[in-house]
Every structure is written in structure tokens, then in C-alpha cells.
Amino acid sequence: MSGISTTQFSKYNAKIAKNRATSEPAWVRWTLIAAALLYLSLFLFMPLAAVFTEALRKGVDTYISALVDADALSAMKLTFIAALIAVPLNLVFGVAAAWAIAKFEFKGKSILITLIDLPFAVSPVIAGLIYVLIFGLQGWFGQWLSDHDLKVIFAIPGIVLATIFVTFPFVARELIPLMQAQGKDEEEAALVLGASGWQILWRVTLPNIKWGLLYGVILTNARAMGEFGAVSVVSGHIRGLTNTMPLHVEILYNEYNYAAAFAAASVLALLALVTLVLKSIVEWYAARSARAIEQN
Amino acid sequence: MSIEIRNVKKNFGDFSALNDVTLDVPSGELVALLGPSGCGKTTLLRIIAGLEAPDAGSIHFHGKDTTERDVRERQVGFVFQHYALFRHMTVFENVAFGLRVRPKETRPSDAEIKRRVHELLELVQLDWLADRYPPQLSGGQRQRIALARALAVEPKVLLLDEPFGALDAKVRKELRRWLRRLHDELHITSVFVTHDQEEALEVADRIVVMNKGKVEQIGTPQEVYDNPATPYVYNFLGNVNQFKSNVLKGEASIGGLNIKLEKENQQADGAALAYIRPHDIDVQRVKSGSAPAFEAKVNYIHAIGPLVRLELQQLGQDAIIEAELTQERFRELGLNTGEQVFIYPRNVRVFADNTASA
Amino acid sequence: MSKKHNNVLPGFNLSLGFTIFYLSLIVLIPLSAAFIKTSTLSLHEFWVAVASPRVVASYKLTFGASLIGASINALFGLLTAWVLTRYTFPGKRIIDALVDLPFALPTAVAGIALTAIYAPNGWIGSLLAPHGIKVAFTPIGIVIALTFIGLPFVVRTVQPILEDLEAETEEAAASLGANRWQTFTKIIFPAIAPALLTGFSLAFARAIGEYGSVIFIAGNMPMVSEITPLIIITKLEQYDYAGATAVAVVMLVISFILLLGINGLQWWNSRRNSRAI
């Protein structure tokens, strides 16, 4: 996954770039830049632009009415609920996992790290499927759930579970390398000075990892709000009830209601852009504090 | 408070970091654990602090067994090698930390904390840095803040892990004198770890020389320097010339010479290693008297500084012998490279050569 | 001794216990459900479910398109990482931030946006249509979608390595008479190759499981443009839970192998780098 390390201060500085011996002739430079920009335009900028163009194709009025539509609003609400539950749970998990893995040595650690990564490697469709196998009508707990009039699949709990699964590793993956790099000197110093476990966590560890933590939360949140495949399997697509924003987009699109579909999509695209801005800000702060540590 | 360490063992996997270490640190002394990296000195310090648990053996503070006691209850001050200052806290908050995390009933009031922290910052002469953050400080300043932080909890024992290791040469010299003065003021039982013999010799009341998880010698700087207990200590403290030798009836043969051994330095007959400090070698232009002497050629002369170092080659041998003369003596002799001289060893120390018999 | 582990920091049992509990609850037990469900099938039933011509065609399509998409990303991702670390040009910082868009943009949004562009009446589709080239609703569309979602991986794995390369080694190469191309192929490329391979594998692994962005642009015609995750959904919708799960297990096993490979690669990579320092 991408990490904070991408913004680390480049050793390759501008002074060297001007050096003739280790740079390319101008025509090579501009050809390469042009090729990269063409690639990014085809695959990145145009789709982004298309979302907003298509959304506004039928005018602002259509656009706004598509967004204040009751189904759209309830889809937004459900999306926020799912993220609001999944993000804090995975946050707590991420801190606990990183604490155990970064501060202690134990057998099977690398297996644990690999297992935490598992959800990255699992197709979202399969992530949905496994919960159907457990909580679906024919699943392990299906009979019991229906006897007690409880619903997980084709209901909100299933959507939340699928969302937790697909966003499972994000916080842990950010924190583990960060906390490993920071070592345990400061925690030991706090311990010698008499601090309790929770005092160490709150006063020493968390302030040190706050940027990595925030970064992980931003990534988790973006994925939680945007997840489609896994949620699609467990949702049942009940309008106004079990539709998240991405599912709402799909339904409108399949009904050939393109303007409304793209209007809803544009909200998600805006969220994605906000995510990128926040991410850049956090990376900037994290790089700044990393530089401060390097001088340490 | 005195520290007694009894038969402490510690392994990391197959690696034996500490192998049956027994050691007393008298109350109020400043003791150096001296040895090369990997000799177990830092592990021992961390075991005293309670940051590691020994596999066997026990630690006593003033006669009381503290082996099982939690690090938080040991009342030790620990200065980490890289200081481990809390980088998101100001200098003031760093020093105040140990007081602030106390349970409510024993926590001093804010005013009291403020008073104590400023007192400590004055002690380390850095009161003016209270509002800075650790990354804004120089290495020497961080070192002193780390010390102030450790002292804030009024520890009974102060432990310092390579306290000057990360500093440049000039700051290091200043700081170690300062630490010595501070210790003379506070008289808190202190143990510091170092790999720098000069540092240990200058600062400590007592030096513990360690090697491969064992204590080689314990003594005052004078004792360990003048009377090394083992070849290892000889090699580790100061420059030394080493010769393969053979002991027979109280005489050691070195490079064809038979040298009578002092009473306090007798060895059993057999293969041995002989050691002579460079400043215990006298150089003469002509052979005089009956004392045994080598004939040697002057290979190089390094005449910078108060001492002149000569690199001598014994005639008919490959061995290079190093000698140190005062500038005065050197001028008196008026030596040039390539000349032939006679050298007279004094204070020859001999140890049984275990490698040869093995 | 009462303390078995060498570490006096508190919270080990609590944090590891919670980690394993939560991991089991959310990931391990549900995933094991797939394997247990599959074990109810006889070997023959399993084989029919996972090796019928329509399913095999979907494997070929999924892996083929993923491979092409990841390859495009390897080539152009390297180029992008190079341009972003070595050159200055207007808008560079914004472009750098936008590279992560596929991580942040919901896949469904990407799917309909790409379809809109590459459909015969779209911005690019309309340019290609007169030449008889169809992108949307064909396997080419699938490659486009999979390229989009895998775009950041190579850039983000190669970029930090390029940034950390010591300029002195390149200067040394130049001083020994190497031209830029020789310096690149003999000095720079070997240094970034492991990261490039890691990025490629990540993009590939992500593409294999991708669903949201593909189904809009794919056309989803059986035997032609139907990806494996869609097969699973189709079987599910026909209440063929065992069949769906059997195909899922095949994909899971492949994903696990890929994950192990990637982790091994990264471990090897970090060891190599740490030894270099």
C-alpha cells in the first residue's frame, strides 16, 4: 500500500537535477513528461472530469433534485453509518495490533502480519459471500437468526460487517511500520518514570503516531464509504433501506437514469478529492515531524 | 543506596549476553561498566533498571531483593543512549512527566511541579530552554535534559546508557566533567555504560571491565590501569605491546631475552603472553649495564604532541615494538629513522597463554 | 522467573489477545466458512463448478486482463514515478496527489466514468469508433478498468526508492564514462526492480478480485467478457451457494499464494535495502 514514506524528503535534490552529468537532455525530459501526462490523462483526469460533466449535463436543477431525492439521502445516511461503525472498530484494532507487533517479540509474528493483510488480497465479492455463508438464510446462523426475527444479510449489519472486512488492514498497516521505526525507547523511558500502561499509550505513544493514525483513518474512511462489491453482495439492494451511495449509483445507472447516477457519483468523487487533500495535508505534517525526528 | 548483583545470567536465544555476573556497587559511587559492544554491559544496566528480567540470579537494592519488582517501583533514573526524550512534549513537560503520571494522592500540585522542574533545569543549566521541543536542541542539551528528567522522580539509583556516545568529541569532554561535578554534588549511586576507556578512567570512581558477558576486573581507575588482572584488560585499557613468551623458573623469555619477573607477577612454567606498555620502554643509544635489552631499528618517528611515539623493529624479528618518550628525552637522544638502538623493557607483565596450550 | 518474555512494557496479552480475537471474528472464521462450505461438495461436483467452460473462460479473461493492466501500470507507473521524482513541471504537486485517486474513488464511480468516456458516444470512444475499435463492453474495456484501479501501486512503491537513490552513485557512474541510458539500465533499474515487481504484483492481485469498476464497462457476456467475480455473483443470485463458494475458494487460494509472494518479496526487498545501509 502507499504509505507516508512516499513523501519523505527526497535525497535527490534540485541541485543535482541541474547537474549535466546526471540528468537527461531537455527533449528526453519533456517527452517523458508528456508520455506520463498522457497516461495519467487517459486513466485519471478524464474519468474524473467525466463524472462532473455527465452529472451537470442536464443542468443544475436536475443535479440538485437528484441529490435531495429521498432514496439518495437515505443511501448517504447508510453510507455514513457504515463508515461510522467500521472506522472506529478498525482503528482500535489497528492500534492494538501495532502495539503487539511493534513493541514485542513473539513467535508467529510474521504469520500474524500476513493474516492481517488477507482482506487486501480477497476479492470484495468473496468478502460479501463469506458473510452470506454464515448469516444468510442457508448459512450457519441463518435458521437461528430467522427464528429470532433478526436480519444480518440484506440488512444494515451485513453491510457494516462487509465494510469492516474490506477496510480491516488499513490502520494496522500504517501503524505497524511507523511504530516499529520509532522503537520503544520513549515507552521505556515513560515506564522508568513510573507511567502506567494506559498513561504510556495516551501520553507517549498516541501523540507520536497521530499522523500515521489519521492517515490510516482517512484511507479506511474513503474505502468504507466507497466499497461496492462486498456491500453489493450482502445488501439486497432495497431502496431507501439497504442501499449505500455506491449501490444507489449502480441502480440509477442500470435504470438509464444517467444524470442522477452521475450526480450521486459526483458526491462520491468530491469525497474522494477531499480525501486526497486531507491525505496530502497529513503527509505534509507527517513528513515534517519525520524530518524533526531525523535530526534527533 | 547500594546495588548488589548476584550470579546474573541472561541469554538471547543462543547468545549468552551475561554469564554469571556478580558485582557490588557501593552507595554513592559513580561506577562505569566498560567494555566493547556486545559485551553485555547495556543488558546488565537494563536488568538493574528492571527493563529486562534476568534468566537467573538476583538484583538487590541496599540488601533488598528487587529482582521481581516492577521497573516503576524501583525508583531508578534511566538516561537512554539516544535520550528517548518525548519529542511531542516541551522540555518542561519532559522533565515534569514523571511527576505528572503519579497517582492523584502522591502527585505534587502544579505549582510544586513547576518549582521542581525549574529547579532541575537550573541544575542542568538549561532553564532558558523550558519551552523548546527536543528536536530543537543540540545533542549536549538533550543529554542534560534527559538527565534532568531522570532526576525529577528523585531516584535512588541513576543509570546511564552510553551517556556521551552520541556526542562529538569536544562536547563529550565538557559533559563528562560536568557529570562528575554533578555527581559530587548529588552523591546519588550511579552506574554508566561506556565503551570509551578514556571516559571511564576520567569520570568513574570504580570501573567494571566486561568482556563476553563476564566481569574481567573491578577496581579504581588507577588499579585497573596499573594492574590489569587479565590480558584482556591490558589490551582494552591503553596501548600495549604484546609478546609471545615462555615462563621458566620465574623468568620470562621474550624475543630471545630472559627477563626476571617481579614477585607479585609470578606465573607457572609454560607458554605465556607478556605485556609491556609503550611508556615502560626505555630507549638508549648504547648498551649499558647488565639489564636485558633488545637491539632494534627505528622504523618511524611520530613527534606530534607532548609524547614522541617510536615504531621499533627488533633486529632479526618481525615484531614491531611501540615506545613512548617524552619530547625532552627524545631530543636528548637525537634519534633519526633507520638508526639502531637498545631498548630496555620495564614492568613486564606475564599471563599464562591459554590459546597456545589449547 | 515470572516474566517469560524479555519485555517489561505492559499490555502485551491484552493487545495480542484482542488482535487475534478480532482477526478471527472478522476475517479467519468467515473465510473458513468458504472452505467448509466447499467441503460439502463431492470432488466431481467441485470440478464441475470450478472447471466448466464458462468459468474457465472467466479465469482466462480475469487473469489475462489483470496481467495486461498490471503490465501497462508497471511501464507507465515507472515512467510516472520517474517524472514525479526527477523533473519539475507546472502542476506537479497536484498531479502527485491525484495519483492516489483510484484508492479514494469508489470503484462504481470509476466504472461508470470510464464507461462514459470509452462508450461509442463518449469522449474517446467516439474517436475510436470510426476506426472500428470498440473499447467499452469488450475485454479491452476490462483492461482499461483494471489499469485504472491498479494505477497507484507501481507509482507508490517505486517513487520512494527513486527518491532515496543516492545521487552520488549516478555521478560515480557518469565519472566512469557511462552514458545516461547505461546508468539507468545498469545502476538505477536494478535498484528499483524489486519495488517495481512488488508494485506490479500488488496491482495484479488487486485486479484479479476487482468487481465494481469492471461490471459497468465489461458488457458481461458469458465466455467473452464475464470476469470471475461476476460468475460468483451470478451463481449466488441463482442460489447456487456451493457453486459460488467453490469458485471463490479457487480465487482465494490464488490470492493467498500471491499475498505470500508479495510479502516474501517485500521482506526480501527491505532486507536488501537495510543491508545496503
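In strand 2 of chain B, B:L18 is the bridge partner of B:K10. Strands, like helices, are DSSP runs numbered from the N terminus (E, at least two residues, for strands; H or I, at least four, for helices). The model is predicted: local features need pLDDT of at least 70 and side-chain atom pairs count only at pLDDT 80 or more, whereas totals for chains, interfaces and linings use all residues. Residues are numbered from 1 along each chain as its sequence is written, chains are lettered from A in the order in which they are written, and side-chain values use heavy atoms, without hydrogens and water.

**The open sheet of chain B**

Strand 1 (residues 3-12) of chain B pairs with strand 2 of chain B through 7 bridges in the antiparallel sense; pairing requires that DSSP find at least two bridges between two strands. The open sheet of chain B has 4 strands in the order 2-1-4-5, with antiparallel pairing. Strand 2 (15-25) and strand 5 (64-65) of chain B each have a single partner strand and stand at the edges, so one side of each lacks a neighbour in the sheet.

**Strands 11 to 13 of chain B**

Two hairpins of chain B involve strand 12 (residues 251-254) and are set out below.

| Strands of chain B | Bridges, antiparallel | One bridge pair | Residues between strands | Positive phi |
|---|---|---|---|---|
| 11 (residues 241-248) and 12 | 4 bridges | B:S245 and B:I254 | 2 residues | B:K249, near 50° |
| 12 and 13 (residues 257-260) | 4 bridges | B:S253 and B:N258 | 2 residues | B:G255, near 50° |

Side chains alternate along strand 12 of chain B: B:A252 and B:I254 point to one face and are buried, while B:E251 and B:S253 point to the other and are not. Buried denotes under 20% relative accessible area (1.4 Å probe, protein chains only).

**Helix 3 of chain A**

Helix 3 (residues 60-67) of chain A has A:Y63, A:A66 and A:L67 buried. Viewed down the axis of helix 3 of chain A, its buried residues fall within an arc of 95°, so they line one face of the helix. The arc is taken from the directions from the helix axis to the C-beta atoms.

**The interface of chains C and A**

Chain C contributes 99 residues to the contact and chain A contributes 102 residues, contact meaning heavy atoms within 4.5 Å. Between them, chain C and chain A bury about 9,000 Å², of which 78% is on carbon and sulfur atoms. This buried area is the accessible area (1.4 Å probe) lost on putting the two parts together, summed over both. C:L9, C:Y22 and C:W123 supply 7% of the area that chain C buries against chain A, more than any other three residues.

Chain C and chain A share 2 salt bridges, each a side-chain nitrogen of Lys or Arg within 4 Å of a carboxyl oxygen of Asp or Glu. One of them joins the side chains of A:E24 and C:R180 (2.7 Å, N to O).

Methods:
Buried < 20%, exposed > 50% of the residue type's maximum accessible area, 1.4 Å probe, protein only.
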